[in-house]
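I opened the notebook to look up two things: how a pair of helices packs, and where the open and enclosed spaces lie.

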Amino acid sequence: MSLIDKIERSRVPEHVAIIMDGNGRWAKQRGNQRIFGHKNGVKAVKAATEAAGEIGVKYLTLYAFSTENWNRPKSEVDALMSLLVETINSETDTLLKNGIRVLTIGDQSMLPPDVQRKLNDVITRTASCNTITTILALNYGSRHEITEAVKKIAAQTKDGTISPNQITPEIISKYLYTTNIPDPALLIRTSGELRLSNFLLWQLAYTELYFTPVLWPDFTKEDFFEAIVDYQKRERRFGKTSEQL
């Protein structure tokens, strides 16, 4: 029996975020270069997206490339950018067929021009899709995101557009990349690492965290469903007592 049969459809998280970790270790275990792991990780992206769509998740955010990833060897960074373009080319028809809208968060201006063009094209072509929204975090870093938001708010305070007393959590959220996107209800991190790695630090304030030792290329639809089943066993109180829920 698939774990999908244990999932209560009325309690599926609206937004799931995933830190896709373990590609390099997966490749190393097989005596291959890191890019071999990244290429096989694409299958896990498809599996997670399909699984999310099947149970009614509306937003799926994937941590694909962080601001810190530029520090990796140039050959790996170049290969990752080429892989991104290849994947967009090969998967766009499937995205359209399955109603998958694509968005991005992060500073896209730093990405190679051909990558920017491909991303803009797939975002435009899938804009009317409404089954699920897949958000790719590319050149994304949460501290940078928050810093840029603070700069914009400070500028508006300086010119008198808003006063310091008007700054609220809602105002700060408005200036983040994720404005108009609900905060994740569930974060999944693969590979057994137990940290957030500068990912959605503001948005994850009340998110349930799920860590699995599975390396990302081995992550399957059943692994995704297992995370959802675990999530549904938890009581989300948001500061209240159990009796108040």
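Before any volume, I noted the term: a pocket is an open set of grid points, over the protein atoms alone, with protein on both sides within 12 Å along at least five of seven lines. The model is a predicted one.

**Entry 1: largest pocket**

I looked up the largest pocket and got a volume of about 1,200 Å³. Its lining takes in 48 residues, and I wrote down M20, V45, Y63, A64 and W216 as those nearest the centre. I then asked which helices and strands each supply at least two residues of this lining. They are the helices α1 (23–29), α2 and α3, and the strands β2 (59–66), β3 (100–105) and β4 (132–140). Helix α2 gives the largest share, 10 residues. Sorting the lining by class, I have 21 nonpolar, 15 polar and 12 charged residues.

**Entry 2: α2 against α3**

Both helices turned up in the pocket lining, and I checked how they pack. Helix α2 covers residues 34–55 and α3 covers residues 74–97; the angle between them is about 30°, and the axes are 10 Å apart. Angles under 35 degrees count as roughly parallel, and α2 and α3 are therefore roughly parallel to each other. I recorded the crossing of α2 past α3 as right-handed.

I next listed the residues in contact. From α2 these are R34, I35, H38, K39, V42 and K46, and they meet E76, A79, L80, L83, T87 and E91 of α3. By class, this contact holds 5 nonpolar, 2 polar and 5 charged residues.

**Entry 3: second largest pocket**

How much space lies in the second largest pocket? I read off about 200 Å³. I copied its lining as P169, E170, S173, K174, L176, T178, T179, N180, I181, D183, W202 and Q203. The classes come to 4 nonpolar, 5 polar and 3 charged residues.

**Entry 4: enclosed space**

I also looked for cavities, where a 1.4 Å probe fits but cannot get out. The count is 1 cavity of 30 Å³ or more, and the largest cavity has a volume of about 30 Å³. Around it I found H15, T61, T178, I181, P182, D183, P184, L200 and Q203. The lining of this cavity divides into 4 nonpolar, 4 polar and 1 charged. Going back over the lists, I marked T178, I181, D183 and Q203, which line both the largest cavity and the second largest pocket.

Note on methods
Residues numbered from 1 in each chain as written. Predicted model: local features only at pLDDT ≥ 70, side-chain atom pairs only at ≥ 80, totals over all residues. Heavy atoms only, no water. Axes fitted to C-alpha atoms, helices over the stretch in contact; angles between N-to-C directions. Helix = DSSP H or I, 4+ residues; strand = E, 2+ residues; numbered from the N terminus. Parallel < 35°, antiparallel > 145°, perpendicular 65-115°, else oblique. Left-handed = near helix turned anticlockwise from the far one by under 90°. Contact = heavy atoms within 4.5 Å. Nonpolar A, V, L, I, M, F, W, Y, C, P; charged D, E, K, R; others polar. 1 Å grid on protein atoms, 1.4 Å probe; cavity = no way out; pocket = protein on both sides within 12 Å on 5 of 7 lines; lining within 4 Å. Points joined across faces, edges and corners; volume = space filled by probe spheres on them.
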